[in-house]
Amino acid sequence: MTRNKQHSLLNRADEACQVLNENLEKENVVRIISHHDADGLSAAGIIANAISEENGQYHITIVPRLQENFIQKLIKEKYKLFFFCDMGSAYLDSISKIKGDVIISDHHQPMKYDTDSNITHVNPHLFGVDGSKEVSASGVTYLTVRGLKKQSLAWMALAGAFGDMQYNSEFISINKLIEDEGVKDGNIEIHQGLKIASKAEEPLYKSLAYTFNPIIPELTGNLEASQAFLERIGVSYGIKFSDLGEEERDILKDALIELNPEIFSNIYSSPKQVSSLRNIEEYSRILDACGKNKKFGLALGLCLGEKNEALDNALDIQRKYTLNLVEGLEWIRKEGSITMENLQYIYTDKKPRKNVLGTIGSIALSMETINPKLPLLSFSRMDNMVKISGRTTQDMVKCGVNLGQALDDASSNFNGTGGGHDIAAGAMIEYKYMDNFLNIMNDIIRHQING
Ligand SMILES: [Mn+2]
């Protein structure tokens, strides 16, 4: 049964590949629209690389979210093929008005729609494949170019899957298929090791504090606690992990495994990359940092193989981004969240913190810095609007919570937009409605839990 579902998805992706190929043969420039997170950027990178390798041309726009007025602009454009990555499934009505061929390569919950149109809609949910765990947009996009023999891009598909948190001690289903293809092709290598950040760049206590995935309870985001921990176990905190002797590495490994067994696990690398981009999870975090800082051209440049200055800039952005995360986590540790009966929330209008609010929220939730039994809404104010990112846990999803649905329903009451996955979703509304919005969300989640 599972096999059948996966096959149906692969077949639909092959149909998309045919549409793409026909357009490339006619030398049509492909209009690519993708999302600004690591998954969307990886997806854009995959399609851009694939088109380049076929000697085709493309024009990319990266957006934080798809908006109706942007689609209206696209409708007026004269391209023959529009390729939406990591978005589009919720806008089928408007997108169907685009003249020309359309491929949607998305993994968000789609709206119900009769697909008898110019759209080739590739979305795992259409075939009973779970787009929040089994494949991300970069994976779906990889599937759409797989027919052109692009197995060498498998590693980039996994970068997107890591970005969308689809790795939970292993990749499953379609992600696993992609992993296997990449390993076979030699562009993905997997070995066991300690999954701590910046092993060759930062002193060890910083490496521990900068490790966000998997989290290290008590230590993630906490420089002082990391230093104290290393002093306690007798490992030099001031030198880099890569400079530690064998014995200290073993002590460290045992002590960290006690805090979180997942810390010693598979490390995914892409051997053909330069050393600072070789670790696929780090790569994903670099793309994420570029995206959050609106450096889309830089991120795409990396995906297309740019080095030197571009690489230095990207690493610099990631360093600053990491410091923002640490500062943000410290803030949540001190301030906590504001709780209601069925949810909790955090709010900020401060500049660097706004960039990382959703991320620190989900880290704080998984570290249980805040109560994991209440879904979390993070509100960042942008002028008269407020951006909301919702996160909860697998346990709460099992209890009935579906944040994608809840944020979609609640935001539509205020002329806003919202949606996403059951476990992680987003919305945007006018700031003045925030209190009412919270009350409605509180009611919706109560109904979801009480079934
Ligand atoms: Mn995605």
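In this predicted model, helix α6 (residues 154–163) and helix α11 (residues 280–292) pack with their axes coming within 8 Å and crossing at roughly 65°. That angle makes α6 roughly perpendicular to α11, and the crossing is right-handed. On the α6 side, the contact uses Trp155, Leu158, Ala159, Phe162 and Gly163; on the α11 side, the residues met are Ile280, Glu281, Tyr283, Ser284, Leu287 and Asp288. Sorted by class, the residues of this α6–α11 contact come out as seven nonpolar, two polar and two charged.

Helix α11 also packs against helix α13 (residues 308–335), where the axes come within 9 Å and cross at roughly 80°. Here too the cross is a broad one, which makes α11 roughly perpendicular to α13. From α11, the contact takes in Arg285, Ile286, Ala289, Cys290 and Lys292, while α13 brings Ala314, Leu315, Ile317, Gln318 and Tyr321. The tally for α11 with α13 is seven nonpolar, one polar and two charged residues.Another helix pair is found towards the start of the chain, between α1 (residues 2–25) and α5 (residues 137–145). Their axes are 7 Å apart and the packing angle is about 60°, so the two helices are oblique to each other. The crossing of α1 and α5 is right-handed. Leu10, Ala13, Ala16, Cys17 and Leu20 make up the α1 side of the contact, and Val140, Leu143, Thr144 and Val145 make up the α5 side. In terms of residue class, the contact of α1 with α5 has eight nonpolar residues, one polar residue and no charged ones.

Turning to the strands, five of them form an open sheet in the order β2-β1-β3-β4-β5, and the pairing is parallel. The edges are taken by β2 (58–63) and β5 (119–122), each of which pairs on one side only. On average, and with direction ignored, neighbouring strands of this five-stranded sheet are turned by 15° against each other. Within the sheet, β3 (residues 81–85) and β4 (residues 101–105) pair in the parallel sense through five bridges. Phenylalanine 82 has valine 102 in β4 as its bridge partner.

There is also an open sheet of six strands, this one with mixed pairing and the order β8-β9-β10-β11-β13-β12. Strands β8 (338–339) and β12 (417–420) stand at its edges with a single partner strand each, so one side of each has no neighbour in the sheet. Further in, β9 (residues 344–348) and β10 (residues 376–382) run parallel and are joined by five bridges. Glutamine 344 stands opposite leucine 376 in β10. Helix α14 (residues 351–366) lies across β9, β10 and β11 (385–391), and the helix runs at about 175° to β10.

As for the overall layout, the domain assignment splits the chain into domain 1 (2–187), domain 2 (196–264) and domain 3 (336–450). The centres of domain 2 and domain 3, taken over C-alpha atoms, are separated by 32 Å.

Two backbone details are worth a look for anyone setting up a calculation. Most residues other than glycine have a negative phi, and most peptide bonds are trans. Serine 198 goes the other way on phi, with a positive value near 45° in a residue that is not glycine. This serine 198 is found in the loop between β6 (189–194) and α8. The peptide bond joining asparagine 213 and proline 214 is cis, with omega at about 0°. Proline 214 lies in the loop that runs between α8 (204–209) and α9 (223–233).

Technical notes:
Residues are numbered from 1 along each chain as its sequence is written. This is a predicted model: local features need pLDDT of at least 70, side-chain atom pairs count only at pLDDT 80 or more; totals for chains, interfaces and linings use all residues. Two strands pair if DSSP finds at least two bridges between them. Helices (H or I, at least four residues) and strands (E, at least two) are DSSP runs, numbered from the N terminus. Axes are lines fitted to C-alpha atoms, for helices over the stretch in contact, and angles run from 0 to 180 degrees between N-to-C directions. Domain bounds come from an automatic or database domain assignment. Angles under 35 degrees count as roughly parallel, over 145 as roughly antiparallel, 65 to 115 as roughly perpendicular and the rest as oblique. A crossing is left-handed if the near helix is turned anticlockwise from the far one by less than a right angle, and right-handed if clockwise. Two residues are in contact if their C-beta atoms, placed from the backbone, lie within 7 Å. Ala, Val, Leu, Ile, Met, Phe, Trp, Tyr, Cys and Pro count as nonpolar, Asp, Glu, Lys and Arg as charged, and the others, Gly among them, as polar.
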